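Got the model loaded? Then let's walk through it one selection at a time, beginning with a pair of residues and ending with a whole chain.

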Amino acid sequence: MIEVKNIVKKFGAFAALDHVDLKVANGELVALLGPSGSGKTTLLRIIAGLDWPDAGEVSIDGENALAHGASERHVGFVFQHYALFRHMTVFENVAFGLRVQPRAVRKDEAAIRARVKELLDLVQLDWLSSRYPSQLSGGQRQRIALARALAIEPRILLLDEPFGALDAKVRKELRQWLRSLHHEINVTSIFVTHDQEEALEVANRVVVMDKGRIVQIGTPGDVYDNPATAFVHSFIGESIVLPVEVRDGCVELGGKPLNISADGVTSGASKLFVRRHDMAVGPAGSGAFEGAVRHVRTFGPIQRAEVALSAGEGTTVIEIDAPRDRELQPGDIVSLHPRRYRIFAGQD
Amino acid sequence: MNQPQILITSAREDLRTEPRIIRVVLIAMAVTFLTVFVVLPLVVVFAQAFSKGVFAYFSALSDPEALSAIKLTLMVAAISVGLNLVFGVIAAWAIAKFDFRGKTFLISLIDLPFSVSPVISGLVFVLLFGAQGFWGPWLQANDVHILFAVPGIALATIFVTFPFVARALIPLMQEQGTQEEEAAISLGASGLQTFFRVTLPNIKWGVLYGVLLCNARAMGEFGAVSVVSGHIRGETNTMPLLVEILYNEYQFVAAFAIASLLAMLALITLVAKTILERHLDEGQLPGD
């Protein structure tokens, strides 16, 4: 179990982490998700002991982690650019953590060999053991880095942008592989990513960060369906965003009232968020918005349509995803109604 | 039979490079310059050294004064390279891997010996350790000999050659970053284990490169050593100092015989430097 309490970290005047609290239970696979500069990597490095907070507490399994340096925390860390030891073979890279143990607890050579072999089998790269890192592909390096981190039987496993430097196809494969590996070894893990798809697909729980703060913690379904803030809504999943005006629970777009309610939202300039696939298409006059279809593309079961909404004096073009039960044509006048939507007060 | 093709290639070459006449002139100028200023002097050194025959050459080298100078030079080089290796690696490690206040100042300090005339460097040690110097009276009272003795020569040489190792390593270590060290520490390695198992193997070619240049300069240093040596024959003359003394005494064969050793050192250094640079360029791939 990892517990982070009230962590503050400043780089000069810039607050990388601004009073962050986080609890990760044993066996969880948690994603720290946020744009670059949101503090997610700094938080990971603080947990690992590679950076030190200006204030706050970090405990691992109930033990104050800040009393120990990185080398005593038994934390497996996988670096974004792998950081494999370039002058050592794959075998020696994985064996490193076992060889540097104090003499009293160090395994003998045969046991080290057996353990390294076991780990290389786990990451399915046994056949590469005598190669050097420069001779491996990105995906192979990443898996070796993971095997190396697991060699010390870490209490927790931290991964910094584990798939960041890989191409799209390898990335997809490794995601599934990481999830099943976590299932197999069940070590408490946190990984950092700026890719929302990756976070939603791999993690049990997603921690969304922005500007040094945690803005939402929840299951992937939770953060996608019930975003806590406008930032989360626009950062996770594609959204249609419309600037609206809320007046006593009523919503207006460009001075024209929409027949949707804004209960509980403070009056004033606000933003309306709708997922593309949550816009229901109906015959003219039946929904909140009217618009003309401009362009239609079809992908498998859906059709993506560009619709020009007439909003007050100007028009706003939005993209919606509709099922193909009723084929849309450019020039159609349609009515759109949000099945699900969120309204957040304020301009940003 | 392939005339059109030849025309095409030559036309393409013409687009890419200067006209032939300019190329020839430029290359000729470069070759002439190098011959006159680099190759010719080297040839002259060896020609003069052997001008009275091989026997005279070797008897000049086996003269007790010459042997003493060679011994002293090797000893001073060993001391200064050894110490500068340790200082240089530590300084480069600190500068490349850590952020701290006054880092720029430290880098300038390391470069200082390069920007100071060697004679001044020597004089500094005279001011510190000389009879009228800062520590002079105390040293005299305790019968410690630094100036006009081996320690003074070694100190002056260390000062003059200080930047070589650090300068060779700082850019290399900065480029390699700190990720491998962080990985080692997170795997439970201590600071020393990290240094000897991760950092040092990664910089070994750079270390050798720095040592090589440091050694060449340590053996060849004249100015600073000349000031602190006292020119005691058979005792405090290094090879470069002896070359000057012999030359001033019109012992040309002996002077050039010693000079030829220094010239050979230069040639060996040059070859070794080329080999090391190749290793450094290859990004330190293992197994080559």
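Select A:Val4 and look across to strand 2 of chain A: the residue standing opposite is A:Leu22. Keep in mind as you go that this is a predicted model.

Now widen the selection to the two strands. Strand 1 of chain A (residues 2-11) and strand 2 of chain A run antiparallel to each other, with eight bridges between them. Add their partners and you get an open sheet of four strands in chain A, ordered 2-1-4-5 and paired antiparallel. Which strands sit at the edges? Strand 2 (14-24) and strand 5 (63-64) of chain A do, each pairing on one side only.

Next stop, the place where the chains meet. Show both sides of the contact: chain A puts in 20 residues, chain B 19. On the chain A side that touches chain B, strand 6 (75-78) and helix 2 (90-99) of chain A each give two or more residues. Color that side of chain A by class and you'll find twelve nonpolar residues, six polar ones and two charged ones.

Hop over to chain B and switch to cartoon view. How many helices and strands does chain B have? There are 14 helices and zero strands, so reading from the N terminus you pass one α element after another. The chain's radius of gyration is 25 Å, well over the 19 Å that the globule rule gives for 288 residues, so chain B is more spread out than a compact globule. Draw a box along the principal axes and the C-alpha atoms of chain B fill roughly 90 × 65 × 35 Å. Of its 288 residues, 34% are buried. Look at contacts in chain B with a separation of 6 or more, and 74% of them link residues 24 or more positions apart.

Two helices are worth picking out here. Take helix 5 of chain B (residues 103-115) to start with: its 13 residues reach 19 Å from first C-alpha to last, close to the expected 18 Å. Center on B:Leu109, where helix 5 of chain B bends by about 25 degrees, and look for the proline that follows within four residues, B:Pro113.

Then jump to helix 11 of chain B, residues 191-220. Its end C-alpha atoms are only 37 Å apart despite its 30 residues, short of the 44 Å that a straight helix would reach. Where is the bend in helix 11 of chain B? Zoom in on B:Lys204, where the helix turns by about 60 degrees.

Conventions. Residues are numbered from 1 along each chain as its sequence is written. Chains are lettered from A and ligands numbered from 1 in the order in which they are written. This is a predicted model: local features need pLDDT of at least 70, side-chain atom pairs count only at pLDDT 80 or more; totals for chains, interfaces and linings use all residues. The radius of gyration is taken over C-alpha atoms; the globule rule is 2.2 Å times the number of residues to the power 0.38. A residue is buried if 20 or more other C-beta atoms lie within 10 Å of its own, exposed if 12 or fewer, and partly exposed in between; C-beta atoms are placed from the backbone. Two residues are in contact if their C-beta atoms, placed from the backbone, lie within 7 Å. The expected span of a helix is 1.5 Å times one less than its number of residues. The bend at a residue is the angle between axes fitted to the seven residues ending there and the seven starting there. Ala, Val, Leu, Ile, Met, Phe, Trp, Tyr, Cys and Pro count as nonpolar, Asp, Glu, Lys and Arg as charged, and the others, Gly among them, as polar. Two strands pair if DSSP finds at least two bridges between them.
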